[in-house]
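Subject: Structure handover

Hello,

I am passing on the structure we spoke about. Please have it open while you read the notes under it.

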Amino acid sequence: MNDGDGTRCVHAGLEPARTGEPLPPQPVLAAQFHLGEPGGDFYGRADNPTWRALESAIGDLDGGDCLVYASGMAAVSALLRVVLRPGDTVVLPSDGYYLARSYVRDHMGGLDVREVPTAGEWSASVVEGARLVLLETPSNPGLDVCDIAAVSALAHAAGALVAVDNTTATPLGQRPLELGADVVVASDTKALSGHSDLVLGHISTRDAELAARLRAERTASGAVAGPFEAWLAHRGLGTLDLRLARQAENAAAVYAVLRAHPAVRGVRWPGSVDDPAHPVAARQMRRFGGVVTFELADEDAVAAFLGASRLVSAATSFGGLHTTADRRARWGDAVPAGLLRLSCGCEDPSDLTADLRAALDRL
Ligand SMILES: *Cc1c(COP(=O)(O)O)cnc(C)c1O
């Protein structure tokens, strides 16, 4: 079927219609299930109908078999634990989400860790001997981009597995499995669920053997999602197409304001033809989302800007309904003190740009 993104989001993971049954999926919160014939649900750590509905929905959009986890980091760390053995080489983005690097360094022993900037250079020597190459594109917070198909070809030639952290793009923005990656990992805390009211993550893959190992490890390690969060995420997913469209519209308008303002430098948004990442992004991304990164002079300028804005809240995380900004140096990212990651929400573009312009003019 060639349904559009909106139709696919609204209908993803729904059961076939049955008279008298609820139209939307309903949460099943049970820990225990009546035992009987083998094969049914038996205990909430192993499986649950509410997970299955969300996994069917996200898996349909990603184009693979999906497993949900208690958080994005639960998904990332499960992948690392299942795929890597002591002595293996893992390639990680030096400019990607910081906890992926610190988890490997502080909580997994015996690995050879190779950190590579998302923008590259990507060559055979960078992936040589690697067991796993984890990409994050667009990267967080710098919004650099790498060519998933090209890096996958290089990594596969070296015998490595390729995983892409697809959090920023979401399955509507980019389909790494179709571009040649083996695994998608993501934090669904962000735009996928979109309402800033839950923490959740997932892994998708077309490799049935890997999916089975991940499923067994998830049940054994117990890093499972709460069914209520899974249900809320499924509810949020229904409007992903609408939210991303408004967020990208806002990002484009905000990008123009930021680029024109003398108090701002280093504006990044892969959706703009003026962005250095745009040529690769336009080849592999289906849409560009609402996250924009830019720099003000210093920490004080950021505080003054946030104090003067009516619509931008200081908050970490991104992808929600409300426009938020996060000064990433606060969390130890290796970025300038005045760098802000701005997550455009679903406000009206004219209100948001007027508010931003007024706040910047006060600097
Ligand atoms: C937020 C984030 C994570 C971690 O997800 P949690 O749901 O917070 O555990 C991983 N990768 C990226 C790119 C993120 O933005």
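Below is what was found in it, taken in the order of ligand, pockets, cavities and backbone. Please keep in mind that this is a predicted model.

The ligand

The ligand is surrounded by 14 residues. Met 73, Asp 165, Ser 187, Thr 189 and Lys 190 are the closest of them. Three polar contacts are worth finding on screen. In one, an oxygen atom of the ligand lies 2.8 Å from a backbone N or O atom of Gly 72. The other two involve side chains: an N or O atom in the side chain of Thr 189 is 2.7 Å from an oxygen atom of the ligand, and for an N or O atom in the side chain of Lys 190 the distance to a ligand oxygen atom is 2.7 Å. On its own the ligand has 380 Å² of accessible area, and the protein covers 92% of that.

The pockets

The largest pocket has a volume of about 450 Å³. Its lining is made of 17 residues, and those closest to its centre are Glu 15, Pro 22, Pro 24, Pro 25 and Gln 26. By type, the lining of the largest pocket holds 10 nonpolar, 3 polar and 4 charged residues.

The second largest pocket contains about 320 Å³ of space. It is lined by 23 residues, and Met 73, Tyr 97, Leu 99, Ser 187 and Lys 190 are the ones nearest its centre. Met 73, Ser 187 and Lys 190 also appear among the residues closest to the ligand. The lining of this second largest pocket divides into 9 nonpolar, 9 polar and 5 charged residues.

Which elements supply at least two residues each to the lining of the second largest pocket? They are helix H3 (72-83), helix H4 (98-107) and strand S6 (183-187). H3 gives the most, with 3 residues. Both domain 1 (5-237) and domain 2 (240-361) take part, each with at least three residues in the lining of the second largest pocket.

The cavities

There are 5 cavities of 30 Å³ or more. The largest cavity has about 60 Å³ of space. Its lining consists of Thr 168, Ala 191, Leu 244, Gln 247, Phe 288, Gly 289, Gly 290, Val 291, Phe 318, Gly 319 and Ser 343. Of these residues, 5 are nonpolar and 6 are polar, with no charged residue in the lining of the largest cavity.

The second largest cavity has a volume of about 40 Å³. Asn 166, Thr 167, Thr 170, Pro 171, Ala 186, Ser 187, Asp 188, Lys 190, Ala 191 and Leu 192 line it. Helix H7 (170-173) and S6 are the elements that give two or more residues to this lining. The lining of the second largest cavity is split into 4 nonpolar, 4 polar and 2 charged residues.

Some residues come up in several places. Ala 191 is in the lining of the largest cavity and in that of the second largest cavity. Ser 187 and Lys 190 line the second largest cavity, and they are also among the residues nearest the centre of the second largest pocket.

The backbone

Where are the cis peptide bonds listed here? One runs from Gly 120 to Glu 121, with omega near 10°. Glu 121 sits in the loop between strand S3 (112-116) and helix H5 (124-127). Another cis peptide bond joins Asn 140 and Pro 141, where omega is about 15°. Pro 141 is in the loop between strand S4 (132-136) and helix H6 (148-157).

Leu 143 is also found in the loop between S4 and H6. Its phi is near 60°, a positive value in a residue other than glycine.

Regards

Conventions
Residues are numbered from 1 along each chain as its sequence is written. This is a predicted model: local features need pLDDT of at least 70, side-chain atom pairs count only at pLDDT 80 or more; totals for chains, interfaces and linings use all residues. Side-chain values use heavy atoms; hydrogens and water are left out. On a 1 Å grid over the protein atoms alone, a cavity is a set of points where a 1.4 Å probe fits but cannot get out, and a pocket is an open set with protein on both sides within 12 Å along at least five of seven lines; lining residues have an atom within 4 Å of a point. Grid points are joined across faces, edges and corners, and a volume is the space filled by probe spheres set on the points. Ala, Val, Leu, Ile, Met, Phe, Trp, Tyr, Cys and Pro count as nonpolar, Asp, Glu, Lys and Arg as charged, and the others, Gly among them, as polar. Helices (H or I, at least four residues) and strands (E, at least two) are DSSP runs, numbered from the N terminus. Domain bounds come from an automatic or database domain assignment. A residue is near a molecule or strand if one of its heavy atoms lies within 4 Å of it. A polar contact is a pair of N or O atoms within 3.5 Å; within protein, one must be able to donate a hydrogen and the other to accept it, and residues adjacent in sequence count only if both atoms are side-chain atoms. Accessible areas come from the Shrake-Rupley method with a 1.4 Å probe; for residues, only the protein chains shown count as cover.
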